[in-house]
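This report looks at how some of the helices and strands are arranged. The sequence and the structure follow.

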Amino acid sequence: MLRKAIKQFQLGVKNPTQAARVLASEAKMRAGIRTLRSLELAVTWICNLDCDFCYAEDLMKAQQKPPHMPVAEVARITREAHELGLIHVNVTGGEPMVRKDIYDVVDAIPKDVVVSLVTNSTLLTEEKVDLLKEAGLSTIQMSYGSYYLDTFKRDLARYCVDRGISVTLSVVNLESERKNIEHAFKMAEEDDFSVLFNYPMIYNNVGLDSEYYWKMRYHPRCREDNMFWSGKNRCPAGTHKLYVTNDGDVMTCDRIHAIYGNMHEEALAPIHKRMYEQFIKHKSFCLLETCDKQWDENNRRSGRSYSKDLVGTNVDPFNVFEGTTLMNGSIPGSTLAQQMHKSRIAGKDGKPEPASK
């Protein structure tokens with residue numbers, strides 16, 4: 001575990017002020033002090049691809065003319081998060097590189113915070129990498145797997161490393177992707193990358209490739225639910241990690257679309273406080289899990305005894321909290337995606353289908 005923690009620190013931190021902030025955050029978290037470590041920002045819903053397994057499809061397609069998150073809003077939100085202890089911002093979407101002002105977005109984030117950017121890499125060039133570096137980008141997450149084999153540019157990924165931007169190959173832990181993930185680890189060793197393990201959501205996916213996942217998750221080059229892994233074996237969503245959409249809705253993570261506040265209506269501090277106090281009580285290995293058997297396996301492998309009362313449901317593939325106590329405190333939210341959510345869980349008679357696990 002120590003080797004992994006050290007490697008994640010080396011790959012993420014780019015300057016002394018970031019290092020000091022990360023170490024202080026680690027101490028606060030281990031002391032039980034409420035702190036926000038990681039923030040995911042969906043700065044746009046526009047994307048140049050139409051992947052049939054997209055974790056944000058319902059949010060992206062709910063809006064006919066999806067707006068970008070204004071640069072001023074990026075600055076405001078990250079400033080508020082910074083006051084709560086922020087050490088990492090993940091710029092996501094949609095596809096962030098569709099924005100011509102993406103460099104201003106990155107530049108608006110405090111410089112003592114580690115900044116990563118998620119991209120399918122199809123719009124990335126060496127010139128854009130240089131501009132992202134100048135703006136302050138620390139890490140770039142490139143989607144990797146069957147859908148991206150024809151567009152992934154290894155030479156460009158190497159160029160990012162040469163320019164001082166760490167590269168993470170972002171994969172989904174499915175059996176059908178195992179060969180690709182094995183190759184991702186091979187490239188990571190050869191080119192000084194890391195590999196981000198994404199726990200599969202139930203939308204157009206099957207369950208976790210448990211065998212390979214548990215074989216590799218302690219590998220020093222394996223990243224998981226947040227930038228700086230702390231050996232906690234506990235999901236940070238809703239406590240140390242939050243997700244904010246382009247229109248200000250605050251969620252636990254990018255793959256569970258239950259909303260607990262909106263930043264156009266109140267500041268981030270009270271939203272985070274409410275969510276932290278609720279979710280710190282609900283311990284789980286990963287809040288995305290909907291399978292009792294896999295829940296037991298994760299408990300056994302991690303040495304935990306998390307209650308199966310928190311296993312998610314299959315009622316709504318974009319919100320496994322539906323039908324559980326974790327919906328307590330949620331709000332309708334500001335996006336049209338809520339209408340899509342209602343239609344997904346409605347039966348033929350217009351009544352919600354019963355929760356199933």
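In which hand, left-handed or right-handed, does H6 cross H7? In this predicted model, H6 passes H7 in a right-handed crossing. By class, the contact of H6 with H7 has four nonpolar, no polar and two charged residues. On the H6 side these are Glu126, Val129 and Asp130, which meet Leu156, Tyr159 and Cys160 of H7. The axes of helix H6 (residues 126-135) and helix H7 (residues 154-162) come within 10 Å, with a crossing angle of roughly 30°. Angles under 35 degrees count as roughly parallel, and H6 and H7 are therefore roughly parallel to each other.

The strands form an open sheet of 10 with mixed pairing, in the order S7-S6-S5-S4-S3-S2-S1-S8-S9-S10. S7 (222-223) and S10 (256-262) are the edge strands, and each has a single partner strand, so one side of each has no neighbour in the sheet. Strand S8 (residues 241-244) pairs with strand S9 (residues 249-253) in the antiparallel sense, over two bridges. Val244 is placed opposite Val250 in S9.

H7 also packs on this sheet, where H7 touches S4 (139-143) and S5 (166-172). Helix H8 (residues 178-191) lies across S5, S6 (194-198) and S7. The angles for these two helices are listed below.

| Helix | Strands | Angle |
|---|---|---|
| H7 | touches S4 and S5 | about 170° with S4 |
| H8 | lies across S5, S6 and S7 | about 150° to S6 |

Note on methods:
Residues are numbered from 1 along each chain as its sequence is written. This is a predicted model: local features need pLDDT of at least 70, side-chain atom pairs count only at pLDDT 80 or more; totals for chains, interfaces and linings use all residues. Side-chain values use heavy atoms; hydrogens and water are left out. Axes are lines fitted to C-alpha atoms, for helices over the stretch in contact, and angles run from 0 to 180 degrees between N-to-C directions. Helices (H or I, at least four residues) and strands (E, at least two) are DSSP runs, numbered from the N terminus. Angles under 35 degrees count as roughly parallel, over 145 as roughly antiparallel, 65 to 115 as roughly perpendicular and the rest as oblique. A crossing is left-handed if the near helix is turned anticlockwise from the far one by less than a right angle, and right-handed if clockwise. Contact means heavy atoms within 4.5 Å. Ala, Val, Leu, Ile, Met, Phe, Trp, Tyr, Cys and Pro count as nonpolar, Asp, Glu, Lys and Arg as charged, and the others, Gly among them, as polar. Two strands pair if DSSP finds at least two bridges between them.
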